[in-house]
Amino acid sequence: MADRSFSGLFITGTDTGVGKTIVTAGIASVLRETGVNIGVWKPVQSGARAHDEGSDAMHLRTWSGVPDACEEIAPLCFEAPLTPFLAAEAEGKSLTMEEVIAGGRPLMERYPALLVEGAGGLIVPLTPTETMADLAARLNLPMLIVARAGLGTINHTLLSVWYARELGIEVVGVILNQSNSAGVIDESVKTNASMIESYGGVPVWGVLPWIDQPLERQQLTQLIQECVDIGQLCPWSHK
């Protein structure tokens, strides 16, 4: 277990495409607007280079308002849309945990607090022997889980909560993100948050609506302010 040299949150998802980048950047933007000096870090990105239009790194930079270059936000990027371990292997590279953590050192030294966005879900292969969960444990940060709001999310979320706790990671909250358009009826959305709280013993910080258009930073900031319990955020940006 690494010593925690900075505060913040490790933000993971129950799967890929559940909205981790929107949540990470939105929380960072809200906190920065309240005067918190917080940065964003994507340790490993696959499927795009850091500066590519539409990449996670580009979205994190644009939506959060940080001044850092995309290559600093996502120091290890691979073009293949595969799990980080395989994406690196496709380019003839083999990642090590030390290399991954070293990539974030400049941001750790620059900011007293960081929001660290994982890749895919919690047990995504990162090195030949380690997963994204092992990185979260090494960084020793509390964890926020982003999950889909609809049917099936109870199982996926509770399994992620359980596994994180098995590794000694403190799970401080869950944010649910609508992955279906507003016209699709999913009755489970009404009860999923309360079921996750009851069975998982973890608070759901909020439920984000379906977003069907490109977002500007101010729109995302307002969305997070309206839909997420902001009071849950501040303690973890100062610890």
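## Helix 2 and its surroundings

In this predicted model, helix 2 spans residues 56–64, and its buried residues are Ala 57, Met 58, Leu 60, Trp 63 and Ser 64. These buried residues pack against three helices and three strands by name: helix 1 (20–33), helix 3 (70–73) and helix 10 (217–227), together with strand 2 (38–41), strand 3 (44–46) and strand 5 (113–121).

Just past the end of helix 2 comes Gly 65, whose phi is positive, at about 85°.

## Helix 1 against helix 10

Helix 1 and helix 10, both of which are packing partners of the buried residues of helix 2, also meet each other. Their axes come within 9 Å and cross at roughly 90°. An angle from 65 to 115 degrees counts as roughly perpendicular, and helix 1 and helix 10 are therefore roughly perpendicular to each other.

On the helix 1 side, the contact is made by Ile 22, Ala 25, Gly 26, Ile 27, Ser 29, Val 30, Arg 32 and Glu 33. Helix 10 contributes Arg 217, Gln 218, Leu 220, Thr 221, Ile 224 and Gln 225. By residue class, the contact of helix 1 with helix 10 holds 6 nonpolar, 5 polar and 3 charged residues.

## Annotated position Ser 46

The UniProt record, an unreviewed entry, places a "binding site" feature at Ser 46. Ser 46 lies in strand 3, one of the elements against which the buried residues of helix 2 pack. With a relative accessible area of 27%, Ser 46 is partly exposed.

Leaving aside residues up to four places away in sequence, Ser 46 touches Phe 78, Ala 80, Leu 82, Pro 84 and Ala 87.

## Aromatic pair

The structure contains 1 aromatic pair. Trp 162 and Tyr 163 form this pair, with ring centres 6.2 Å apart and planes at 50°, so the pair is tilted. The tilted class lies between stacked, under 30 degrees, and edge-to-face, over 60.

Both rings belong to partly exposed residues: Trp 162 has a relative accessibility of 48%, and Tyr 163 has one of 24%. The cut-off for buried is under 20% and that for exposed is over 50%, so Trp 162 at 48% counts as partly exposed, as does Tyr 163 at 24%.

## Loop residue Asn 140

Asn 140 sits in the loop that runs between helix 7 (132–139) and strand 6 (143–148). Its phi is near 60°, a positive value in a residue other than glycine. Asn 140 has a relative accessibility of 27% and counts as partly exposed.

Technical notes. Residues are numbered from 1 along each chain as its sequence is written. This is a predicted model: local features need pLDDT of at least 70, side-chain atom pairs count only at pLDDT 80 or more; totals for chains, interfaces and linings use all residues. Side-chain values use heavy atoms; hydrogens and water are left out. Buried means under 20% relative accessible area, exposed over 50%, partly exposed in between (1.4 Å probe, protein chains only). Helices (H or I, at least four residues) and strands (E, at least two) are DSSP runs, numbered from the N terminus. Contact means heavy atoms within 4.5 Å. Rings of Phe, Tyr and Trp (its six-membered ring) pair if their centres lie within 6.5 Å; planes under 30 degrees apart count as stacked, over 60 as edge-to-face and the rest as tilted. Axes are lines fitted to C-alpha atoms, for helices over the stretch in contact, and angles run from 0 to 180 degrees between N-to-C directions. Angles under 35 degrees count as roughly parallel, over 145 as roughly antiparallel, 65 to 115 as roughly perpendicular and the rest as oblique. Ala, Val, Leu, Ile, Met, Phe, Trp, Tyr, Cys and Pro count as nonpolar, Asp, Glu, Lys and Arg as charged, and the others, Gly among them, as polar. UniProt positions are given in the numbering used here, feature names are shortened, and annotations may be inferred rather than shown by experiment.
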